[in-house]
Amino acid sequence: SAIVTGMLLAFNVPSGLPIWIVILGSVVSIGVGKMSFGGLGANPFNPALVGRVFLLISFPVQMTSWPTNRFAQMANPDAITGATPLGILKEALKNGESMSDILQKLPDTMDLFLGNLGGSLGEISAFAILIGGVYMIMKKIITWHIPVITLATVLIFTWVLNLINPELYVSPMFHLLSGGIILGAVFMATDMVTSPMTPLGMAIFSVGIGALTVIIRVWGAYPEGVSFAILIMNAFTPIINRYCKPKRFGEEVKHG
C-alpha cells in the first residue's frame with residue numbers, strides 16, 4: 001500500500017522537484033493521509049493526493065516548474081522549464097488573448113496523446129495511462145464505471161462550453177488529454193478505500209469529479225483541478241455509500 005502511494009505521488013510531482021520536498025510529501029501522504037485516520041483501509045482521502053495538495057499549497061513555485069519534454073533536449077532535460085498546456089491556456093486567457101492565438105501555443109492532439117509536452121509524469125502521456133487502465137479493467141482490479149464516467153463527464157461538460165463560446169472555451173479533446181484527468185480517473189479515483197461501493201454510487205462520484213474538475217479549470221484560480229475534485233468527492237463517499245447501498249438478498253421481515 002505504501003509503495004503504491006509513493007508511486008502515485010511520484011506521478012503527481014515535477015521530475016525536477018528537490019528530493020527533500022519529495023520526502024516531505026511522502027511523509028504527509030502516509031503519516032497524515034493514511035496513518036492519522038487509522039492506517040490501511042481507514043483513510044477517507046486518497047493519501048497520494050493529500051501529499052500532492054500539501055506540496056502544491058506549501059511549495060507552489062517548485063510544484064509548477066516542469067522541465068520541457070522535447071526529444072531534442074533529452075541530453076539535458078532539466079535545463080529548460082516550461083508551463084504545462086493547461087497553464088499556458090489559463091495565463092493566455094487571463095491576458096485576453098484570442099483562442100486562435102492561444103491554439104498556436106498549445107501542443108497538438110497527437111503530442112498530448114503521446115506525451116511530447118511538459119508536466120508531471122502522470123500528466124504527459126494519455127496513451128500510456130490508458131494502457132494501464134485497460135490492463136487493470138481486464139484483470140478486474142478496477143471496474144470501468146469510474147474512469148469512463150469521469151472522462152465522459154469532462155468530455156460532455158467541456159463540449160457544451162465549447163459550443164456556447166468557442167472563443168472562450170477550448171475544445172473538449174484538449175481538456176481530456178491534458179493535465180491529470182486521465183491519471184486521476186484511472187489510478188486515483190478508483191482507490192477502493194475512498195470510492196463508493198455500488199455502480200450507482202460510482203456514477204454519482206464520477207460525475208462529481210468530472211464536473212468539479214472542469215469548474216476549477218475554467219473558473220478557478222488553478223489551471224488544474226483533478227486533485228481537489230477527487231478529494232472533495234472522497235469526503236462525500238460515506239454519504240454516497242449510505243444512500244446507495246447494495247441490494248439485499250432475501251425477504252425482509254416486517255414486524256407489527
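Two residues are in contact here when heavy atoms lie within 4.5 Å. The model to which this criterion is applied is predicted. By that criterion, I21, L24, G25, V28 and S29 in helix α2 meet P47, A48, V50, G51, F54 and L55 in helix α3. Sorted by character, the residues of this contact comprise eight nonpolar and three polar ones, with no charged residue among them.

The geometry of the pair completes this picture. Helix α2 spans residues 19–32 and helix α3 spans residues 47–58; their axes are 8 Å apart and enclose an angle of about 135°. Angles that are neither under 35 degrees, nor over 145, nor from 65 to 115 count as oblique, and α2 and α3 are therefore oblique to each other. The crossing in which α2 passes α3 is right-handed.

These helices belong to a protein whose secondary structure amounts to 13 helices and two strands. The chain has 256 residues, of which 46% count as buried. Considering contacts between residues at least 6 apart in sequence, 68% join residues at least 24 apart.

Charged side chains enter the description elsewhere. Side chains of opposite charge can pair when their charged atoms come close. The structure holds one salt bridge: E224 pairs with R217, and the closest N and O atoms of the two are 2.8 Å apart. Are these partners buried or exposed? Residues under 20% relative accessible area count as buried. E224, with a relative accessible area of 14%, is therefore buried, and R217, at 5%, is buried as well.

How values were computed:
Residues are numbered from 1 along each chain as its sequence is written. This is a predicted model: local features need pLDDT of at least 70, side-chain atom pairs count only at pLDDT 80 or more; totals for chains, interfaces and linings use all residues. Side-chain values use heavy atoms; hydrogens and water are left out. Axes are lines fitted to C-alpha atoms, for helices over the stretch in contact, and angles run from 0 to 180 degrees between N-to-C directions. Helices (H or I, at least four residues) and strands (E, at least two) are DSSP runs, numbered from the N terminus. A crossing is left-handed if the near helix is turned anticlockwise from the far one by less than a right angle, and right-handed if clockwise. Ala, Val, Leu, Ile, Met, Phe, Trp, Tyr, Cys and Pro count as nonpolar, Asp, Glu, Lys and Arg as charged, and the others, Gly among them, as polar. A salt bridge is a side-chain nitrogen of Lys or Arg within 4 Å of a carboxyl oxygen of Asp or Glu. Buried means under 20% relative accessible area, exposed over 50%, partly exposed in between (1.4 Å probe, protein chains only).
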